[in-house]
Amino acid sequence: KKVLVAGRGELSQPQKGQNVTIRLKTSLEDGTVLQEEPGLSFTLGDGDVIQALDLCVQLMELDETAQIISDSKYAYGTRGSTQPAIPPSARLHMEVQLVDVEEAPDPELLSGRERLDLANSKRERGNAYYQRADFVSATNSYSIALNIVGCNSKVDITVEEESELLDVKVKCLNNLAATQLKLEHYESVLKSCSAVLQHQPDNIKALFRKGKVGVGWNKGRVCVSERFLA
């Protein structure tokens with residue numbers, strides 16, 4: 001990380017778990033601009049963005065502008081990305097300005113709709129990690145989503161919102177089981193699948209993955225198709 005414009009001092013640096021907003025310009029080494037975000041907001045440490053940003057923004061000061069150069073290992077990997085459009089194994093040059101820092105909202109105080117939107121954004125991030133074969137990061141994103149939908153609400157939510165939250169919970173548990181299979185964490189797979197089956201005893205995905213655990217233990221490998229992600 002190279003500081004281009006100094007910020008307000010070390011006391012203004014954001015902390016893990018806070019929400020930040022940045023201005024971001026991403027380019028290839030030849031100068032080709034791939035992405036421009038005038039106001040990208042995310043929670044530090046939640047894996048909402050690539051690892052290079054998640055780590056480096058924690059070292060920035062409010063109003064600081066910095067240049068970050070990242071190998072593909074800490075960006076979009078060998079597979080690249082379709083959204084945003086990033087080529088495989090791309091080394092990225094990013095110009096970042098830290099615009100705002102604020103405390104992340106307490107999920108218990110969010111409305112039902114806000115909790116649904118937040119949990120779904122974490123789940124979709126997990127799906128993106130899964131498609132890039134980053135199963136550890138996918139597991140983290142699904143776990144965060146489950147914490148959001150599973151917390152005790154301190155505000156009134158409707159019956160419909162409760163039903164939608166349960167639906168998101170089941171999707172996250174199923175996707176979590178898929179990543180755990182890839183990581184060969186078979187006891188965790190059983191736990192995730194059992195949690196799904198408590199709510200939906202005939203859930204095909206959970207039954208399928210629970211059955212695959214025996215295959216994994218016997219053969220030492222499991223194949224799970226991406227089409228089974230929710």
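Helices α2 and α3 pack at an angle of about 165 degrees, and their axes are 8 Å apart. That angle is over 145, which makes α2 roughly antiparallel to α3. The crossing in which α2 passes α3 is left-handed. The model described here is a predicted one, and α2 covers residues 112-131 while α3 covers 135-150.

From α3 the description moves to α4, the helix of residues 159-182. The angle between α3 and α4 is about 155 degrees, with 9 Å between the axes. This value too is over 145, and α3 and α4 are therefore roughly antiparallel to each other. In this pair α3 passes α4 in a left-handed crossing.

A further pair is formed by α4 and α5, the latter spanning residues 186-199. The two pack with their axes 8 Å apart and at an angle of about 160 degrees, so α4 is roughly antiparallel to α5. The crossing of α4 past α5 is left-handed.

Helices α2 and α3 also take part in the pockets. The largest pocket has a volume of about 930 Å³. It is lined by 40 residues, and those closest to its centre are Phe42, Asp48, Val49, Ser121 and Arg125. Which elements supply at least two residues each to the lining of the largest pocket? They are the strands β2 (18-27), β3 (33-43) and β5 (92-103), together with the helices α2 and α3. Among the contributors, α2 gives the most, with seven residues. Both domain 1 (2-103) and domain 2 (107-227) are represented, each with at least three residues in this lining. By class, the lining of the largest pocket holds 17 nonpolar residues, 12 polar ones and 11 charged ones.

The second largest pocket contains about 370 Å³ of space. Its lining consists of 22 residues, and nearest the centre are Ile50, Gln51, Tyr129, Asp134 and Ser137. Here α1 (51-57) and α3 each supply at least two lining residues. Helix α3 thus appears in the lining of the largest pocket and in that of the second largest pocket. The largest share of the second lining comes from α1, which provides three residues. As to class, the lining of the second largest pocket is made up of six nonpolar, nine polar and seven charged residues. Domain 1 and domain 2 each give at least three residues to the lining of the second largest pocket.

Two backbone features remain, and the loop between β4 and β5 holds Pro84 as well as Ser89. Strand β4 is residues 65-70, and β5 is one of the strands that supply the lining of the largest pocket. What kind of peptide bond joins Gln83 and Pro84? The bond is cis, with omega about 0 degrees. In the case of Ser89, phi is near 55 degrees, a positive value in a residue that is not glycine.

Notes: Residues numbered from 1 in each chain as written. Predicted model: local features only at pLDDT ≥ 70, side-chain atom pairs only at ≥ 80, totals over all residues. Heavy atoms only, no water. 1 Å grid on protein atoms, 1.4 Å probe; cavity = no way out; pocket = protein on both sides within 12 Å on 5 of 7 lines; lining within 4 Å. Points joined across faces, edges and corners; volume = space filled by probe spheres on them. Helix = DSSP H or I, 4+ residues; strand = E, 2+ residues; numbered from the N terminus. Nonpolar A, V, L, I, M, F, W, Y, C, P; charged D, E, K, R; others polar. Domains from an automatic or database assignment. Axes fitted to C-alpha atoms, helices over the stretch in contact; angles between N-to-C directions. Parallel < 35°, antiparallel > 145°, perpendicular 65-115°, else oblique. Left-handed = near helix turned anticlockwise from the far one by under 90°.
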